[in-house]
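Visitor: Please take a close look at one part of this model, the aromatic pairs and the segments around them. I would like the rest of the chain as context.

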Amino acid sequence: MEQQRFPVEDGAVTCRPVGDRLEVQAALPGPGEGLYRAYLRGESGKQLDLGTLLPQGNGRRLQRSLPIAELKRRGCWPVTGAGVTLSYAFQRPQAQGMNQPPKGWHKSEQAAARFPNDPVLAQAVRAAGPCLLCQRADGTFRLAWGWEPRKAFPLPPVFCFGKVEKVGGRVCVVWTFSGEGRPL
């Protein structure tokens with residue numbers, strides 16, 4: 001087998017045998033719309049996941065050196081195709097969200113005051129910045145911050161109590177607290 005080139009999206013996956021190994025490179029230009037994974041397809045129709053392309057230079061790239069014996073064992077030799085799939089789409093900022101709170105929510109810059117007995121959580125709320133607040137009839141309240149995969153996660157001390165959900169059409173991390181400020 002000589003070097004093969006498989007066009008994908010606006011880029012390519014290239015395969016080149018070197019001794020008893022197959023050198024594979026996948027490249028896509030630009031930042032893309034999210035996280036992309038590359039794969040090889042064998043003569044049997046089986047596919048082998050190569051992993052996630054990582055940012056490099058002005059694009060995204062992946063390099064692998066695979067034993068040909070392993071490709072044969074997994075039904076991916078000889079290689080007859082390759083592909084790249086979008087495995088996770090990044091969220092784009094939306095018009096509604098922190099600027100225009102949905103019904104029942106309001107923007108708060110003073111949410112830290114709700115934690116007078118927990119200075120660690122109060123400091124985390126201050127560090128996270130303005131949020132959306134929803135006061136419930138049962139005395140509990142909810143706090144929400146917009147979530148973006150490439151930014152710091154809000155409220156690290158209670159991250160495990162947060163839920164990712166949409167608030168007013170925007171993906172947010174939302175926490176529910178008792179009236180005394182304990183995470184629920």
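Guide: What follows starts with the whole chain, moves to the aromatic pairs, and ends with some single residues elsewhere.

The model is predicted. Its chain has two helices and 13 strands. A compact globule of 184 residues would have a radius of gyration near 16 Å, whereas this chain has 24 Å. Along the principal axes, the C-alpha atoms fill a box of roughly 70 × 30 × 30 Å. Of the 184 residues, 38% are buried. Among contacts with a separation of 6 or more, 57% are between residues 24 or more positions apart. The chain exposes about 10,900 Å², and carbon and sulfur atoms supply 49% of that area. There are 25 positive and 15 negative side chains, and the centres of these two sets lie 3 Å apart.

Now to the part in question. The structure holds five aromatic pairs. In one of them, the ring centres of tryptophan 145 and tryptophan 175 are 5.9 Å apart and the planes stand at 75°, so this pair is edge-to-face; planes over 60 degrees apart fall in that class. Tryptophan 145 belongs to strand E11 (residues 141-146) and tryptophan 175 to strand E13 (residues 170-177), so the pair ties together parts that are 30 residues apart in sequence. Both tryptophan 145 and tryptophan 175 are buried.

Ring pairs also link Phe115, Phe141 and Phe177 into a cluster. Phenylalanine 115 sits in the loop between strand E9 (106-108) and helix H2 (119-128). Its relative accessible area is 3%, so phenylalanine 115 counts as buried, the cut-off being under 20%. Beyond its neighbours within four places in sequence, phenylalanine 115 is in contact with Leu121, Ala122, Val125, Phe141, Leu143, Phe177 and Gly181. Phenylalanine 115 and alanine 127 are twelve residues apart in sequence, and their C-alpha atoms are 14 Å apart in space.

The loop between strand E10 (131-135) and E11 holds threonine 140. Threonine 140 counts as buried because its relative accessibility is 11%. When residues up to four places away in sequence are not counted, threonine 140 touches Cys134, Gln135, Thr176, Phe177, Ser178, Gly179 and Leu184. Phe177, one of these, is also in the ring cluster with Phe115 and Phe141.

Glycine 139 lies in that loop between E10 and E11 as well. With a relative accessible area of 29%, glycine 139 is partly exposed. Apart from neighbours within four places in sequence, glycine 139 is in contact with Ser178 and Gly179. Glycine 139 and serine 178 are 39 residues apart along the chain, with their C-alpha atoms separated by 6.9 Å. Both Ser178 and Gly179 are also among the residues that threonine 140 touches.

Strand E13, which holds tryptophan 175, is also the place of valine 171. Valine 171 has a relative accessible area of 12% and is buried. Histidine 106 is 65 residues from valine 171 along the chain, and the C-alpha atoms of these two are separated by 16 Å.

Leucine 155 is in the loop between E11 and strand E12 (163-167). Although leucine 155 is not a glycine, its phi is positive, at about 55°. Leucine 155 has 0% relative accessibility and therefore counts as buried.

Two further sites complete the context. A cis peptide bond joins tryptophan 77 and proline 78, with omega about 0°. Proline 78 is in the loop between helix H1 (68-73) and strand E8 (79-89).

The other site is aspartate 10, in the loop between strand E1 (4-8) and strand E2 (11-18). Aspartate 10 counts as exposed because its relative accessibility is 69%. Leaving out residues up to four places away in sequence, aspartate 10 touches Leu28 and Pro29. From aspartate 10 to leucine 28 there are 18 residues in sequence and 6.2 Å in space, C-alpha to C-alpha.

How values were computed:
Residues numbered from 1 in each chain as written. Predicted model: local features only at pLDDT ≥ 70, side-chain atom pairs only at ≥ 80, totals over all residues. Heavy atoms only, no water. Helix = DSSP H or I, 4+ residues; strand = E, 2+ residues; numbered from the N terminus. Rg over C-alpha atoms; globule rule 2.2 N^0.38 Å. Buried < 20%, exposed > 50% of the residue type's maximum accessible area, 1.4 Å probe, protein only. Contact = heavy atoms within 4.5 Å. Areas by Shrake-Rupley, 256 points an atom, 1.4 Å probe, with all protein chains shown as cover. Lys, Arg positive; Asp, Glu negative; His and termini not counted. Charge placed at Lys NZ, Arg CZ, Asp CG, Glu CD. Phe/Tyr/Trp six-rings, centres within 6.5 Å; stacked < 30°, edge-to-face > 60°.
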